[in-house]
Amino acid sequence: MPITDAIFNPKAEIIFHMMKYVMRNFWPRWRFAGLRAMRLPMDSEIASLTLRALRRVLRATEIGSRQLATTTGLTPSQLLVLREIDTRLSVTPSAVAQALQFSQATITAIVDRLVALGFVQRQRGERDKRQIHLTLLPAGRDALADAPDPLQKRFTDRFDALPTWEQAMILAATERLAMLMDADSIDAAPLLDSGRIDRSEPL
């Protein structure tokens, strides 16, 4: 590959930054050792460290869901839908589904629950009676005010602040983890929650 192509190749940039990371973090441990003595930590140790990191993510997700359930009685997906409705004066369910990358059936189930709680109301459009619009009720605004800062938002804000090459590296690593755990074919919404996203009650 010509050097000019390598410079502007995103994959080449990711590899370059990965090599730089390894050199910065591991090379100081190895530089005074002979070639035979230089080695990465044992595979079992790396696997254990990876599992510990995964465990932290699972625990953080569980703790965040419990805090939300305690303060508002909502699931993470219900809170996201409530926030999305709150950002607009009136919005259709299909627009919410598109914004959150949820299926239409999932949005319908979540909105049913929010309506039952008295947080949201459905209204038929004035011009087109076939169209349904969602608006937030005072109880829904109170629930949003009481809700803790969701883990989802913290992750998204911090992830967006990372350079593109690091975002791509994290994506590649997590997709690889999903494959190693035979979870790559599971249909999942972009949501930090371990339970069904259309469930009506918190776990």
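## Three stops in a predicted model

Select Ala147 to begin: with a relative accessibility of 13%, this residue counts as buried, since buried means under 20% relative accessible area. The model is a predicted one. Ala147 sits in the loop that runs between helix H8 (138-146) and helix H9 (151-160).

Next, add Leu68 to the selection and draw the C-alpha to C-alpha distance from Ala147. The pair is separated by 79 residues in sequence, yet the distance in space is 6.1 Å. Which residues is Ala147 in contact with, leaving aside neighbours within four places in sequence? They are Leu68, Thr71, Thr72 and Leu79. Show their side chains together with Ala147.

Now move to Gln78. This residue belongs to helix H5 (residues 76-86). Is Gln78 buried or exposed? Its relative accessibility is 0%, so Gln78 counts as buried. To see what surrounds Gln78, select its contacts beyond four places in sequence: Gly73, Ile110, Arg113, Leu114, Arg199 and Ser200. Two arginines, Arg113 and Arg199, are among them.

For the last stop, go to the segment after helix H10 (164-180), where Met181 is found. Met181 has a relative accessible area of 56% and is therefore exposed; the cut-off for exposed is over 50%. Switch on the surface and add Met179 and Leu180. Together with Met181, these residues make a nonpolar surface patch of about 330 Å².

To compare the stops, colour by relative accessibility: Ala147 at 13% is buried, Gln78 at 0% is buried, and Met181 at 56% is exposed.

Notes
Residues numbered from 1 in each chain as written. Predicted model: local features only at pLDDT ≥ 70, side-chain atom pairs only at ≥ 80, totals over all residues. Heavy atoms only, no water. Patch = residues over 30% accessible without salt bridge, like charges linked within 9 Å, V, L, I, M, F, W, Y side chains within 5 Å. Areas by Shrake-Rupley, 256 points an atom, 1.4 Å probe, with all protein chains shown as cover. Salt bridge = Lys/Arg side-chain N within 4 Å of Asp/Glu carboxyl O. Helix = DSSP H or I, 4+ residues; strand = E, 2+ residues; numbered from the N terminus. Buried < 20%, exposed > 50% of the residue type's maximum accessible area, 1.4 Å probe, protein only. Contact = heavy atoms within 4.5 Å.
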